[in-house]
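Biologist: Before I accept any label, I would like to see the cut-off behind it. Please show me the model.

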Amino acid sequence: MTAIQALRGTRDILPDEIIYWQHVEAVARRILNRAAYREIRTPIFEQTDLFERGIGEATDVVSKEMYTFKDRGERSLTLRPEGTAGVVRAFIEHHLHAQGSAQRLWYLGPMFRYERPQAGRQRQFHQIGVEVLGSADPRADAEVIAIATDLLQTLGLKTLRLEFNSIGDRDDRQHYRQALVDYLTPFKEDLDLDSQDRLTRNPLRILDSKDQRTQDILQSAPSMLNFLSPASQQRFEQVQQLLTDLGVSYRINPRLVRGLDYYTHTVFEIQSDDLGAQATVCAGGRYDGLVSELGGPETPAVGWASGIERLILLLQQQPLTGSALDIYLVSRGKQAEAQALRLAQTLRQLDFSVELDLSGSAFGKQFKRADRSGAVLCLILGDAEAETETVQLKWLKTGTQESVAQADLVATAHKLRQRITAEQAAEQPVS
Ligand code: ATP
Ligand code: MG
């Protein structure tokens, strides 16, 4: 019988890789918590309508990429392709706006899009995202961007670029859209097929085209920046000033637009040169129109989402050192094995991470596994140790060995902790 495999575009995250995921998640939690963002968890599937209205039917996400199906009650459901629509639905449904001040929220979890899988592009992927709902202040735009750069820097990611633009308010965008269509229409036949289609459905998205011919034509296209109203222009300059004050460097990219319909004013992307075609690791902007579009009160909002797979691809380009494991425990002989099982449990209760070798094989084989385990300390229990209720400590980096009474080891656990931490720090662990 043929074995069943994971679906195309989905991946198992195996134990060898999980250290990266736990690291990214732990750093994100720390950075978001200390900025007073609160976590929100919304369902994986929602009414299809939520995404059609919230993202826009003319976008690639809605028109081509959604996993939409009928449930047994004939309702049209969709696996969430992004996080914002669900967060906004929850914000409205639970009257979070009634709590007065701006709501700072974050989320983390799987998203689903029917795309052509390649490195950094999957059908089930994961995002970390933030949303600030209820503030039109340019400081909110600057804050979310600064938090994104803080997160990426704390993760140790280098050579990242922040691209930044304003797409103005709805009216500005409407005017620009018309100017762009007027400019591009005479070249229609020369555009790539997707762009020809977008000319009527979603012309701003043509700026995003990867086609060289289309990009050449766009060289002389009108610039969004010339269509900003004085108020939009002023707002754009304010956010720039705040970013400069915060020491966040950016590049203005007048061609930067976002695929989702609900963006206004600030849009930004953070890109890496080390990811090939899937260069964007974080993308976001302001979406003042979305909450009312989904039936809530007029609520200005700004946020971003970052693709965790792409962050991890970058992290994996740097060497991974360090291990979460403190102690590897080897034992042989009936009495020794029984004592080792108890000692492992006692040490775990004292908050050491301990792996107990269960093989019962020769000491030599167990030592080899101890070396491979990444632990800094190996504890050894044989017949002689069992008899005297002692244990051998072998420090795996230096090979130094000593014998200690089991009871003393437990009684002076804080000393053991200090020494293990010092040995691990010398290895510069990732977390
Ligand atoms: P792209 O142009 O790469 O398709 P997008 O504009 O569709 O990106 P967003 O909807 O803004 O992306 O999502 C925010 C982030 O989520 C992206 O910058 C990327 O890091 C990540 N992301 C989006 N789609 C995928 C995917 N299919 N697989 C992995 N990560 C993804
Ligand atoms: Mg996409």
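The exchange below sets values against definitions.

Modeller: This is a predicted model, where local features need pLDDT of at least 70, side-chain atom pairs count only at pLDDT 80 or more, and totals for chains, interfaces and linings use all residues. Residues are numbered from 1 along each chain as its sequence is written, chains are lettered from A and ligands numbered from 1 in the order in which they are written, and side-chain values use heavy atoms, with hydrogens and water left out.

Biologist: Why is Cys282 called buried?

Modeller: Buried means under 20% relative accessible area (1.4 Å probe, protein chains only; exposed is over 50%, partly exposed in between). Cys282 has 1%, so the label applies.

Biologist: What makes Cys378 buried?

Modeller: Its relative accessible area is 0%, so Cys378 meets that definition too.

Biologist: How many disulfides does the structure hold?

Modeller: Zero. A disulfide would need a pair of cysteine sulfur atoms within 2.5 Å.

Biologist: What makes the contact between Glu115 and ligand 1 polar?

Modeller: A polar contact is a pair of N or O atoms within 3.5 Å; within protein, one must be able to donate a hydrogen and the other to accept it, and residues adjacent in sequence count only if both atoms are side-chain atoms. A nitrogen atom of ligand 1 is 2.6 Å from an N or O atom in the Glu115 side chain. For Gln127, a polar side-chain atom lies 2.9 Å from a ligand 1 oxygen, and for Arg310 the distance from a side-chain N or O atom to a ligand 1 oxygen is 3.2 Å.
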